[in-house]
Amino acid sequence: MQLSRRLFLQGSVALAALLAIPRALVAAAWPEKAFASKAAAEAMTALFGTDQATPSSAISLDAPEIAENGAVVPISVETTLENVQSVSIVVEKNPRPLAVSFEIPPGTLPNVACRIKMGQTSQVMAVVKTDSGLFSAAKEVKVTIGGCGG
Amino acid sequence: MTPRVLRLLAIGLLLGLLSPGALAQDPAVASAVGAAVSAEAVTELIGRAEAAQRSATELRAEWLETDGLIEQARKEANLGNLIKAAELAELARRQGELAVAQAEREAEAWQRRVVR
Amino acid sequence: MASKIKVKVKLKGDVAEVKSLMLHPMETGSRKDPDTGATIPVHHITELTFLNNGETVMAVHCSTAVSRDPFFSFSFSGAKAGDTLAVRWVDNQGESDSVETVLG
Amino acid sequence: MLRPAIRRFLLLCLATILSMPALAGPEEDREAFRAYFSQRFPDVPLDEYVNGIYALDPKAREQWLDIEQFPPYEFAVEQGEVLFRQAFANGNGYADCFDNGGVGVRQHYPRFDPALGEVVTLELALNRCRTRNGESAYAWDSDELVALSAYMAWTSRGNPIDVEIPDDPRALAAYEAGKRFYYSKRGQLNFACSDCHVTSAGSYVRADHLSASLGHPSHFPVYRSKLGKVISLHSRFYGCVRDVRARPFEEQSEEYRNLEYFLTYMSNGLVVNGPGARK
């Protein structure tokens, strides 16, 4: 792949000290209990009050069939469901299954991507919360261990 | 996997099996180890291992774990674990000798692999 | 010190496609230092916030299962050239980092 | 005065000698190397080999492309540019040590230095630039040196690799030493570089697919996600030699510099595309 040459040191300006965000602007507090949960159902209950989510074909979960590297597994979630409030990613076999949770304010599209760690082969579930309930899509991602990096 | 890779892996595994436990079952080694009833004999075995490793070093062909094995042998000898020390020293010596043999073989053999 | 957050934004009509990459070790707390054998304490981003002209457009809650040097992407509508997008994270050790970029 | 028949005979002898494989020079080696991979993977265009295993493994390629949309090595390129532009205490800078101010020159490294009679890699040239100007040398695996190398590769992206072997027996000897290293088995696992990256390229070694050697040096330095940092080509050599259970050589040792010389010459004509991202 050929990336064009770009000049760095342009475009973005760091404002580390100046930018203080009032806590109130953050949609919700960091859900400590859900992140500490050791089972997927427990994490769901802690986060949503229930571990029941309706499987939905309106959610597209993109994840590799075989992770090239368990330390960096690209995951993306997109949905046509309306009034989405959050998108969470749950990795069943991880020691702490809840990996990440995106709070989606009105105006933000329900279309997110990130890279996560997976300790072993597992079901990966995207849980989408809308104003009418909890919906999910799942996919198995195989993680292989060992080798020398190719 | 190609047969070639399997063969390479098999050779690697065989060499890897030369662990202290497996080695003790080798009759030749067992007799050498059995003779090491004295600290002097163990010192002698360690000396032979070091000599083999020096030859490998001269050829820039040392294996990764040999120095560590020699060090471990010395440690076990100091603790009075003579059998264990003798096993480790013998393992190190064989590794040193195999490394030398490998380098001598490769002095010519590498040319057969050149892509032409 | 320069920010360790990078942001790239593509404007397509009034939709901004945001991609962001930040340097952070995202330590799980179960890894051992290969030299000392000591356990490396858990150290990870907890909250990551994107604000467009001061309005939160995305808030991400992270566990240690987010990869080292985290990457996120998302899109929001109602964006226009000249808007200021701010990105800020805080971690479980109270450290933080932020960056601002002007859309367009 | 020779009779035409005798002259023809002598010319025939000469032609036979010249065509003997034992006399294969670097250029014949390079052509054979490319031909080998073309034949082995007829569907993979030669230009693709600069992408390493992602030229051969489509599933891994998708995940790599995903990472390439915002690759973590961009931080190293940025750090490298800052360092590159900083003047030394004596007022000089890196730009004074390289052709074209150091921009877009990665493809000429490693190069044979006739004055010193040895192979000089980019990293070695950077450190020598520092010491010549009264600065201390960086450690070979330091973030700073790797970042400088990453920046210089970045400014050279798309330039065809153009390593020269001048008409100097010492240069040819260095190339031959690198070639011999490449094809020699070493370590407890008894592997040569070529066993994995020529003979078994594309096959599995445990859970990983093996990359082809053609194009290997094009994308270094490389961000290794398992390490969370950018590493040099010699650091990768170190890891490979260790992984076959041989005692590794130090980065920038004569062995590794000669190996880089041979390996990079094999990729002449392919483009520089470093820094790269790998697992």
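Student: How many helices and strands does chain D have?
Tutor: The structure shown here is a predicted model, and the count for chain D is taken from that model. Going along chain D, one finds both kinds of element, namely 10 helices and 7 strands.

Student: What radius of gyration does chain D have, and how does that fit with the globule rule for 279 residues?
Tutor: For 279 residues the globule rule gives 19 Å, and the value for chain D is close to this, so chain D is as compact as a globular protein of that length. Along the principal axes, the C-alpha atoms of chain D fill a box of roughly 70 × 50 × 35 Å. The radius of gyration asked for is 20 Å.

Student: What percentage of the residues of chain D count as buried?
Tutor: A residue counts as buried when its relative accessible area is under 20%. The area that chain D does expose is about 11,600 Å², with carbon and sulfur atoms supplying 54% of it. Of the 279 residues in chain D, the share that counts as buried is 58%.

Student: How far apart are the mean positions of the positive and negative charges of chain D?
Tutor: Chain D carries 31 positive and 36 negative charges, and each group has its own mean position. The separation between these two mean positions is 6 Å.

Student: Is H61(C) buried or exposed?
Tutor: In chain C, H61(C) lies in strand β4, which covers residues 55-62. The cut-off for buried is under 20% relative accessible area, and because H61(C) has a relative accessibility of 1%, it counts as buried.

Methods
Residues numbered from 1 in each chain as written. Chains lettered and ligands numbered in written order. Predicted model: local features only at pLDDT ≥ 70, side-chain atom pairs only at ≥ 80, totals over all residues. Heavy atoms only, no water. Helix = DSSP H or I, 4+ residues; strand = E, 2+ residues; numbered from the N terminus. Buried < 20%, exposed > 50% of the residue type's maximum accessible area, 1.4 Å probe, protein only. Rg over C-alpha atoms; globule rule 2.2 N^0.38 Å. Areas by Shrake-Rupley, 256 points an atom, 1.4 Å probe, with all protein chains shown as cover. Lys, Arg positive; Asp, Glu negative; His and termini not counted. Charge placed at Lys NZ, Arg CZ, Asp CG, Glu CD.
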